[in-house]
Amino acid sequence: MVALETEHLTKDYAVGFWRPRPYRALDDLTLRIESNEVFGFLGPNGAGKTTTLKLLTQLIYPTSGRISIFGRSPGDPEVRRRIGFLPEAPYFYDYLTAEELLAYFGGLFGLRGQACRARAAQLLDRVGIGGERRLPLRKFSKGMLQRVGLAQAILNQPDIVFLDEPMSGLDPLGRRDVRALILELRDRGCTVFFSSHILSDAEALCSRVGIIVGGQLVTAGSLSDILAFDVSGWEIVVADLDPAVLDDFTGRVRRATRISDRRYALEAPAQTEPERLVADLRARGGRFISLNPIRSTLEDFFVQQVAARRAQSPAGRFMPEG
Amino acid sequence: MARVIGLVAYHVFKESVRDKVLYNLVLFAILLIAASYLIGQMTAGQDVKIIKDLGLAASSVFGLFMAVFIGVGLVWKEVDRRSVYNLLVKPIRRHEFIIGKFLGLAGTLLVNLAVMAAALYVVLALMAWRQPALVKASVDAPVLDSGLLVAFFLLYVQLLVVTSVAICFSTFSSPMLSAAFTVGLYVVGHFNADLAHFEHVVDSPAAAWLAKALYYLLPNLAPFDVKMAVVHGQAVPALFVLFTAGYGVLYAAAMITLAALIFSRRDFK
């Protein structure tokens, strides 16, 4: 079943006061996301990720194009009951406590009294907000606000959640919790659409990703299908290796970097069988330390794409006038 | 729908209570009591009138402050701090949000005006208690005059109009500008009647037409001020109160409708 579909979704903003020029924040986005999928929406800052999420939640209206969530318009009250949304760096009311905030939002979903309080307490436990839940939200740190934001996003047991940079502002522990939460949502049958600029988040979670650069969808598919992320070589770190032995590996290692005395980082081409190379190095007296695949990173990919876009249209994303 | 609006309204009320606005009011009540004591010492025979006049004027000024300064921030603050992003993706329509905000502030104003009215009556009760029977018999209006309540009621409806204007501006403008516009309209509103007869002052039919259009467009706030009549013990006709209040409610409803229309089409960039 299709959970979310966009067709030729485009958003222009008028920029400038006296002579506003249309600035294309999102350009012709066509996406289709199946139910129960974890979809990572990746792109550098200013690529149009937040614009897309705001369009999907109808915080802004599209200039052209169409959005359908479970076959309905995003503004449909029925859709509102089934979605959850975590905005980027969420902010809540200073005067409320975390408990009161969830009770307020629960009320909007028709939860009342004891049932509402119980649900709020359960969610706050789930996202790791302990005794702080009785403090006013103005006293919360960025990471704690992010956790409260996650709790309110899943308050109504949504069928689809939109998470805008869910890992930002979180420490490593928090990031791990969010990953666990996303997988838990998926196991419950929920569709997850999240934006990020960190590849490792996507690798750990997503069945599919879409990459957006300069307002345009560059590619969408499973990460392994996206050629840019294929392994381009192997990095092997060995210690206690006699420098003279290195010469014997000239054909098999394309580069050797000395880290410290008798400790080297060796770079082997992609077609190498890394296990055999490691075994041979050990046989020659080397002590194996680590083995890592070398991939072109998402950052490399962004840099390439951004450079390509700039070369294509020097005027940037401002639309021609007239 | 009513439940959602009620929830938003309740939280506006909760926010204002926790925003320490009410503490300012307590301060105001204490000031009023202290001032009335001093004035009672200084004036001969007119003390009750002065207290009533001062009490109503102070209530109207403080009420205006509240309506404008809470009103202009209500919607703008949510958009500026982006708390509205969490709220508007829930099953709530944008016009329900605006109506809820308005009703919440209307509730806050009602409680605050009630506190001010109570404070005024307490001071007046103290005066009445100390007043000799002969003096009581010779004044225009009884000390504890129920006419004061009529003045407070019309003041309240006037504040609803001001609140609706403030909220309307705050759907698209910053608080500073909204406050300036709202206070400007409040002042203009008190001299609005002059616009109706502008053709007697100018020759240009275009200017007269424009003045007439503005007369209907801008709020007419002068009729809401019945302070003078009440202080001097003159009766305020029930029909006048009814029509004035009806006009105020309709004007506020029109402004809130406009605010909801603007807010419903807005992009939250």
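Reader: Before we look at any residue, what makes two residues count as being in contact?

Author: Two residues are in contact if their C-beta atoms, placed from the backbone, lie within 7 Å. Keep in mind that this is a predicted model. Here, leaving aside residues up to four places away in sequence, A:Val237 touches A:Ala265, A:Ile289 and A:Ser290.

Reader: Which element of chain A holds A:Val237?

Author: A:Val237 sits in strand E10 of chain A, which covers residues 231-239.

Reader: And how do I read its surroundings: is A:Val237 buried, exposed or partly exposed?

Author: The idea is to count neighbours: 20 or more other C-beta atoms within 10 Å means buried, 12 or fewer means exposed, and anything in between is partly exposed. A:Val237 has 17 other C-beta atoms within 10 Å, so A:Val237 is partly exposed.

Reader: What separates the C-alpha atoms of A:Val237 and A:Gly131?

Author: Their C-alpha atoms are 46 Å apart, and the two residues are 106 residues apart along the chain. The domain division gives some context: chain A is split into domain 1 (2-219) and domain 2 (231-295). Taken over C-alpha atoms, the centres of those two domains are separated by 44 Å.

Reader: Let's step back to whole chains. How many helices and strands does chain A have?

Author: Chain A has 10 helices and 13 strands. Its C-alpha trace spans about 75 × 60 × 40 Å along the principal axes. Of the 322 residues in chain A, 39% are buried. As for contacts in chain A with a separation of 6 or more, 70% are between residues 24 or more positions apart.

Reader: What does chain B look like on the same points?

Author: Chain B contains 12 helices and zero strands, so to speak an α element at every step from the N terminus on. The C-alpha atoms of chain B fill a box of roughly 70 × 55 × 30 Å along the principal axes. Chain B has 269 residues, and 39% of them count as buried. Among its contacts between residues at least 6 apart in sequence, 82% join residues at least 24 apart.

Reader: Now the place where the chains meet. How many residues does each chain bring to the contact?

Author: Chain A brings 23 residues and chain B brings 20 residues. On the side of chain A that touches chain B, the elements giving two or more residues are helix H2 (77-82), strand E5 (83-86) and helix H3 (98-108). The largest share, four residues, comes from H3(A).

Reader: What kinds of residues make up that side of chain A?

Author: They divide into 17 nonpolar, three polar and three charged residues.

Notes: Residues numbered from 1 in each chain as written. Chains lettered and ligands numbered in written order. Predicted model: local features only at pLDDT ≥ 70, side-chain atom pairs only at ≥ 80, totals over all residues. Domains from an automatic or database assignment. Nonpolar A, V, L, I, M, F, W, Y, C, P; charged D, E, K, R; others polar.
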